[in-house]
Amino acid sequence: MNKILIALMTFLAFGCQSEQKNSMNELESDNKAVKINIEKNESDLLLDTLVFDKSMDGELLIEKNAFGLSELNFYKQFVAEDKINEKQIITDEYSKTEITYLGKLMDLDNQNSYHIITNFKIIGIGEMDSPRGMSNIAFLSNNLDNAIIYNMGMPDELPEKIENNVLYFTLKSKKIGISIAGGLSPMLCLPLIGCN
């Protein structure tokens, strides 16, 4: 009788441990699935539309347009369909400028379009221990008679390409796509970095 009782207790103990292990394995699998989904969601594309409305008219927009006009002739020379996404480098004695024409971006209003040019300039090459840099995005009107230029903080905040009428950035390891609706505002506001 004792042998049967011991055998029965041993069977129950191993059976419970086996059930616990199966439950733990299922829980671990569920946790892995959750981690994979979180990572997948974190790497998904973030899309945003920048909308201009008439309340954005004002002194800042007038200043942006005036500055854009003063820089227009410099930027116009880089608008070339055969040079899309091709980095063009200009060097002189104390600076190096990297210009990339990304192509044309249509406004969602289907009335306006913009030639998009990125500009990263390093100033103080060769003479300063720590050269300074500046990054700009230029939006030139379709007929190249107007421009708005946005100053960006860092070169990694510049857009990388235009695809399917969306301007793509990679900001803080996250892909962000931007569309424009109704014109250009005085500030370029992007998710994760704010307004410039």
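This report describes one helix, the nonpolar cores and two loop residues of a predicted model.

Helix 2 spans residues 59-76, and its 18 residues reach 25 Å from the first C-alpha to the last, close to the 26 Å expected at 1.5 Å a residue. The helix nevertheless bends by about 45° at serine 70. Its buried residues are Leu61, Lys64, Gly68, Leu72 and Tyr75, and what covers them includes strand 4 (113-123), strand 5 (132-141) and strand 6 (147-152).

In soluble globular proteins, nonpolar side chains tend to be buried together. Here the largest nonpolar core has 24 residues, and those with the most contacts inside it are Ile116, Ile137, Phe139, Leu167, Phe169 and Ile180. At least two residues of this core come from each of strand 3 (95-106), strand 4, strand 5, strand 6, strand 8 (166-171) and strand 9 (174-181). A second, separate core of ten residues includes Leu72, Phe78, Ala147 and Ile149; Leu72 is also one of the buried residues of helix 2. Returning to phenylalanine 169, and leaving aside residues up to four places away in sequence, its contacts include Ile137, Leu158, Pro159, Ile176, Ile178 and Leu190, as well as the residues Glu157, Glu160, Lys174 and Lys175.

Most residues other than glycine have a negative phi. Two loop residues with a positive phi are listed below, with their places and accessibilities.

| Residue | Phi | Loop | Relative accessible area |
|---|---|---|---|
| Asparagine 110 | about 60° | between strand 3 and strand 4 | 61%, exposed |
| Serine 173 | near 65° | between strand 8 and strand 9 | 73%, exposed |

Technical notes: Residues numbered from 1 in each chain as written. Predicted model: local features only at pLDDT ≥ 70, side-chain atom pairs only at ≥ 80, totals over all residues. Heavy atoms only, no water. Helix = DSSP H or I, 4+ residues; strand = E, 2+ residues; numbered from the N terminus. Expected span 1.5 Å × (residues − 1). Bend = angle between axes of the 7 residues up to and from the residue. Buried < 20%, exposed > 50% of the residue type's maximum accessible area, 1.4 Å probe, protein only. Contact = heavy atoms within 4.5 Å. Core = buried A, V, L, I, M, F, W, Y, C linked by side-chain atoms within 4.5 Å.
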